[in-house]
Amino acid sequence: MIVFAQVPRFQFTHKGSVLHIKFSPSGSKLLSYSSGSQDLALWEVSTGRLVWIRPISFIQKADEYYTLNAFSWSPDEKLVSTGSANGTVQLWDAGNGKIIWRADVANDGISAIAFSPDATTIAATGYDSTGPAATLINVVDGSIVKRLVGNKCRAIGITFDPSGKELSVGNLDGNIVRWNLAEAKPINTADCDRS
């Protein structure tokens, strides 16, 4: 009788702790990020095969934290967007892991990002309570489309409504503010605990 050793799925790849993982919308792919080795990896879920792994240290601008804090898949799973602690947002080709662009978006860390339903815009928000509530970024070239300015709390969540006409931003004070994107105005407001 011949016994074959099982090959474990999802082999050890990162050389440091894995801080974040994010499934693609279909659940067929998995993104993982290690702060220890500062790399981003994409896996095929059905086989556990590593598709690609890329270093992210090039996004560092100076002597600052540049760890990745936020991750989002485009609806068609062709693109991945990441947001870092140095206020930059990156767009990656999910097929090969190549960087498409990096954009300076905020003065402080990016805490959450989301693709619009039509995948033409990325919304980003962050921990800085003095900056915009959210920044809208053009997917094609990383240019800033619009900044939503209002009573800003330290935000940790962001999402588009299914129509792509509204954006909701959730913050550490337990509030959610909805924005009308055509008018760049909040539909409701929230008070922040500034203490």
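**Close-up views of a predicted model**

**View 1. A salt bridge between strands E14 and E15****.** Glutamate 166 is partly exposed, at a relative accessible area of 23%. The model shown here and in the views below is predicted. The partner of glutamate 166 is arginine 178, and the closest N and O atoms of this salt bridge are 3.0 Å apart. Glutamate 166 belongs to strand E14 and arginine 178 to strand E15, so the pair ties together parts that are twelve residues apart in sequence. Arginine 178 is also partly exposed, with a relative accessible area of 34%.

**View 2. Two further salt bridges.** The model holds three salt bridges in total. One of them brings together the side chains of glutamate 77 and lysine 29, with an N to O distance of 3.9 Å. This pair links distant parts of the chain, 48 residues apart: glutamate 77 sits in the loop between E5 and E6, and lysine 29 in strand E2. Is glutamate 77 buried or exposed? Glutamate 77 counts as buried, because its relative accessibility is 9% and the cut-off for buried is under 20%. Lysine 29, at 27%, counts as partly exposed. Another salt bridge joins the side chains of arginine 49 and glutamate 44, at 3.6 Å from N to O. Both ends of this bridge are partly exposed: arginine 49 has a relative accessibility of 44%, and glutamate 44 has 25%.

**View 3. Aromatic pairs.** The structure holds two aromatic pairs. In one, the ring centres of tyrosine 33 and phenylalanine 71 are 6.0 Å apart and the planes stand at 45°, so the pair is tilted. Tyrosine 33 is part of strand E2 (residues 29-34) and phenylalanine 71 of strand E5 (residues 68-73), so the contact ties together parts that are 38 residues apart in sequence. Tyrosine 33 is buried, with a relative accessible area of 0%. Phenylalanine 71 counts as buried too, at 11%. Phenylalanine 58 and tryptophan 92 make an edge-to-face pair, with 6.0 Å from centre to centre and 70° between the planes. Phenylalanine 58 comes from the loop between strand E4 (49-55) and E5, and tryptophan 92 from strand E7 (residues 88-93), so this pair ties together parts that are 34 residues apart in sequence. Phenylalanine 58 is partly exposed, at 40% relative accessible area. Tryptophan 92 is buried, at 2%.

**View 4. The open sheet E5-E6-E7-E8****.** Four strands make up this sheet, and their pairing is antiparallel. E5 and strand E8 (99-104) are the edge strands, each pairing on one side only. Neighbouring strands are turned by 20° against each other on average, direction ignored. Five bridges pair E7 with E8. Which residue of E8 is the bridge partner of leucine 91? The partner is tryptophan 101. Strand E6 (residues 79-84) contains threonine 82. Threonine 82 counts as buried, at 0% relative accessibility. Its C-alpha atom is 8.1 Å from that of tryptophan 92, and the two residues are ten residues apart along the chain.

**View 5. The open sheet E9-E10-E11-E12****.** This is a sheet of four strands with antiparallel pairing. Its edge strands are E9 (110-115) and E12 (144-148), and each pairs on one side only. The twist averages 20° from one strand to the next. E9 and E10 run antiparallel and are joined by five bridges. Four bridges join strand E10 (residues 121-126) to strand E11 (residues 134-138). Where do the two pairings of E10 meet? Alanine 124 of E10 is the bridge partner of isoleucine 113, and alanine 124 also stands opposite threonine 135 in E11. The hairpin of E9 and E10 has five residues between the strands, and in it alanine 119 takes a positive phi near 60°. Why is E9 largely enclosed by the rest of the structure? Because six of its six residues are buried.

**View 6. A nonpolar surface patch.** Tyr127, Ile156 and Leu172 make a nonpolar patch of about 280 Å² on the surface. Leucine 172 lies in the loop between strand E14 (166-171) and strand E15 (176-180). Leucine 172 counts as exposed, because its relative accessibility is 52% and the cut-off for exposed is over 50%.

Definitions and conventions
Residues numbered from 1 in each chain as written. Predicted model: local features only at pLDDT ≥ 70, side-chain atom pairs only at ≥ 80, totals over all residues. Heavy atoms only, no water. Pairing = 2+ DSSP bridges. Axes fitted to C-alpha atoms, helices over the stretch in contact; angles between N-to-C directions. Buried < 20%, exposed > 50% of the residue type's maximum accessible area, 1.4 Å probe, protein only. Phe/Tyr/Trp six-rings, centres within 6.5 Å; stacked < 30°, edge-to-face > 60°. Patch = residues over 30% accessible without salt bridge, like charges linked within 9 Å, V, L, I, M, F, W, Y side chains within 5 Å. Areas by Shrake-Rupley, 256 points an atom, 1.4 Å probe, with all protein chains shown as cover. Salt bridge = Lys/Arg side-chain N within 4 Å of Asp/Glu carboxyl O.
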